[in-house]
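This note is meant for a colleague who is opening the structure for the first time. Please keep the three-dimensional view at hand while reading the numbered points below.

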Amino acid sequence: MRWLAALVVAALAACLAGEPAWAEKRVALVIGNSKYQNVTALSNPANDATDIVEMFKQASFEVVESRRDLKYMEMRRALRDFTDKARGADVAVIYFAGHGLEVDGVNYAVPVDATLERDIDVDDEAVSLNRILLAAEPATKLRLVILDACRDNPFAKKMKRTLASRSLGRGLAGVEANKPNTFIAFAAKEGSTASDGDGKNSPFSAALLKHLTRPGLDIRKAFGFVRDDVLSATGNQQEPYTTNSLGGNDVSLVPAPAAPPVAGGPATDVRGDYELAERVGTKEAWDYFITAHPSGFYTDLAKAQRNKLAAEAVRLEAIEKARRAAEEQARLAAEGAKAAEQAKAAEQAKAAEREKQAAEKQKRIEDEKVLAEQAKAAAQAKANEKANEKATEKADEEARKTAEKKKKAGDAAEHAKAAGESSNTEQTKVAAAQQPKAKEDGTNAAKPADQSVASLTPSDGRSGQPAPQDIPRLLQTELKRVGCKTGDIDGAWNASARKALSSFNENAGTKLDIKLASIDALDMVKARTGRVCPLECERGYRASGDRCVKITCDDGFVLGSNGSCQKRPERAPKVTQQRERRAPASGRRGGKCFVYNGTSFCE
């Protein structure tokens with residue numbers, strides 16, 4: 001079994017059983033806060049969150065919740081809802097990008113509406129790391145929290161301290177994972193800040209996108225690679241920090257694929273693999289196919305199918321975003337919010353609607369690409385079918401030539417056999433004539449004669465074939481089966497049997513000798529599985545399947561000479577002719593006789 005087929009069949013079985021393709025249930029919550037209302041906005045968290053969401057979707061997470069620019073209450077509700085989704089999951093991941101701060105040894109994620117004028121406001125306006133960990137706690141195998149929130153804290157510069165003993169640190173504080181199967185990752189180590197980066201993504205998020213969902217890679221090793229990339233990108237100015245309470249087994253976000261087949265295995269059936277991937281119909285199935293077949297016609301078609309699925313996912317996400325924006329706009333209007341907030345919500349709703357329309361347009365484009373590829377596939381299949389037909393015709397022609405050669409060889413063997421039988425008969429007669437003389441000379445003289453006769457008996461080179469006397473009867477039976485023989489099967493190779501074999505030659509395109517019933521003719525007729533000769537019916541009957549049925553005409557119609565119903569012709573009125581005849585000689589002279597309506601009258 002090919003490795004791709006095995007993977008796809010396993011995925012298909014899981015889908016048919018109503019379970020996800022992966023054995024584990026994996027859920028993720030991604031929060032990106034950029035548009036802070038009371039401090040300078042951040043540029044990268046929104047981009048980072050968008051790409052992280054796409055990464056988890058491509059890794060086939062069952063649930064990927066995406067949230068942007070959350071206020072304090074919205075952030076708490078999002079964590080509460082995610083707790084319900086994490087219940088029963090094997091893996092739960094929470095990713096936060098935005099501002100974070102540490103107050104008195106406690107780390108906080110900052111919502112976009114936070115003011116934080118005093119240090120005691122953090123419990124009322126920010127969300128603690130402990131609350132975030134609590135949302136992922138229902139997961140059984142891995143609880144992963146990633147904080148890309150160690151950026152330079154703008155709130156610390158204006159925050160008032162109510163107690164001199166309360167500390168306000170730079171960056172986030174280092175903590176220990178005190179619950180089992182927990183992994184916490186910070187963009188920068190304790191007391192240092194993380195760079196927002198000059199590109200689309202922060203250095204930390206860019207490294208996550210590269211390594212975190214590599215199939216089969218242990219999460220501890222994945223974050224080791226992330227650390228190396230961040231140090232390299234920032235000139236050793238930023239070093240990520242992690243803490244975990246995992247066991248000794250490897251834990252990866254994406255399971256490792258099955259091992260590829262060993263060299264010398266069976267050839268890959270590309271079309272069969274494509275059909276299996278198409279039955280599953282998921283992005284992962286198409287990824288497996290493209291990995292197994294990096295190039296070729298079916299690979300292009302698989303890529304089009306995968307792009308179609310991706311466009312559909314983007315379209316659904318845009319629809320959901322537009323729905324949430326409309327709900328937010330309606331909520332603000334219902335609560336009598338400020339005109340500025342309502343205008344902002346209206347603008348966000350319009351932007352979401354534009355994204356929805358763009359996603360639907362892209363979806364239509366991908367659908368058209370798939371249709372074009374399918375039309376191309378149909379054309380290629382038609383060309384292949386024609387090529388196969390030509391190959392079949394060529395094979396049939398070669399088979400016919402082979403049969404003709406075999407027939408000629410069989411005819412020669414039959415003639416040789418007949419000649420041998422004739423010679424055997426003559427030798428038998430000679431031996432019979434010499435037998436009395438052999439008796440007079442003694443019994444010893446008869447043995448050479450017997451041996452001579454026995455040595456002249458030709459050997460039958462067709463062991464396992466029917467006896468020659470049975471071939472005519474068997475051939476008649478087969479000719480009747482294929483519709484070429486009518487009448488009784490008597491085993492006599494007569495004119496009726498030769499006519500039947502001639503009809504078979506005409507309809508099957510063969511050139512069998514009709515003069516004798518040969519084993520080659522029997523084999524050729526046996527090879528035909530259905531009717532060969534058309535059904536012939538007597539006058540007044542027509543063919544219906546494999547039998548003749550009587551032709552019946554409606555009133556006013558009669559059966560014509562061509563076997564079809566024709567309108568009955570009208571009869572001309574009968575005209576009786578009056579003819580004269582002479583009276584008999586014995587009659588009176590001058591008499592005259594005539595016939596009227598069949599009766600003779602004479603004057």
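1. Two strands are said to pair here if DSSP finds at least two bridges between them. With that in mind, and remembering that this is a predicted model, one can begin with strand β1 (residues 26–32), which pairs with β2 in the parallel sense over 6 bridges. As a concrete place to look, I31 has R67 in β2 as its bridge partner.

2. This pair belongs to an open sheet of 6 strands, whose order is β2-β1-β3-β7-β8-β9 and whose pairing is mixed. The edges of the sheet are formed by β2 and by β9 (241–244), each of which pairs on one side only. Neighbouring strands of the sheet are turned against each other by 10° on average, with direction ignored. For a reader new to sheets, it may help to recall that strands pair through backbone hydrogen bonds, either parallel or antiparallel.

3. Which strands does helix α6 lie across? Helix α6 (residues 203–211) lies across β3 (91–97), β7 (142–148) and β8 (182–186), and it runs at about 145° to β7.

4. The loop that leads from β8 to α6 also deserves attention, since K200 in that loop is linked to D51 in helix α2. K200 and D51 form a salt bridge in which the closest N and O atoms are 3.5 Å apart. The two residues are 149 residues apart, and the pair thus links distant parts of the chain. In total, the structure holds 31 salt bridges.

5. A further open sheet consists of 3 strands in the order β4-β5-β6, with antiparallel pairing. Its edge strands are β4 (100–103) and β6 (127–128), each of them pairing on one side only. Strand β5 (residues 106–109) is joined to β6 by 2 bridges, and in β6 the bridge partner of A109 is V127.

6. Further along the chain, strand β10 (residues 541–544) and strand β11 (residues 547–550) pair in the antiparallel sense over 4 bridges, and Y541 has K550 in β11 as its bridge partner. These two strands form a hairpin with 2 residues between them, and in the turn G545 has a positive phi of about 70°.

7. The largest pocket has a volume of about 1400 Å³. The elements that give two or more residues to its lining are α2 (44–58), β2 (63–68), α3 (72–86), α10 (297–335) and α11 (339–441), and the largest share, 11 residues, comes from α10. Helix α2 thus appears both in this lining and, through D51, in the link described in point 4.

8. What kinds of residue make up the lining of the largest pocket? The lining comprises 40 residues, of which R68, D69, K321, R324 and Q348 lie nearest the centre of the pocket. By type, the lining residues divide into 21 charged, 14 nonpolar and 5 polar.

Terms used
Residues are numbered from 1 along each chain as its sequence is written. This is a predicted model: local features need pLDDT of at least 70, side-chain atom pairs count only at pLDDT 80 or more; totals for chains, interfaces and linings use all residues. Side-chain values use heavy atoms; hydrogens and water are left out. On a 1 Å grid over the protein atoms alone, a cavity is a set of points where a 1.4 Å probe fits but cannot get out, and a pocket is an open set with protein on both sides within 12 Å along at least five of seven lines; lining residues have an atom within 4 Å of a point. Grid points are joined across faces, edges and corners, and a volume is the space filled by probe spheres set on the points. Ala, Val, Leu, Ile, Met, Phe, Trp, Tyr, Cys and Pro count as nonpolar, Asp, Glu, Lys and Arg as charged, and the others, Gly among them, as polar. Axes are lines fitted to C-alpha atoms, for helices over the stretch in contact, and angles run from 0 to 180 degrees between N-to-C directions. Contact means heavy atoms within 4.5 Å. A salt bridge is a side-chain nitrogen of Lys or Arg within 4 Å of a carboxyl oxygen of Asp or Glu.
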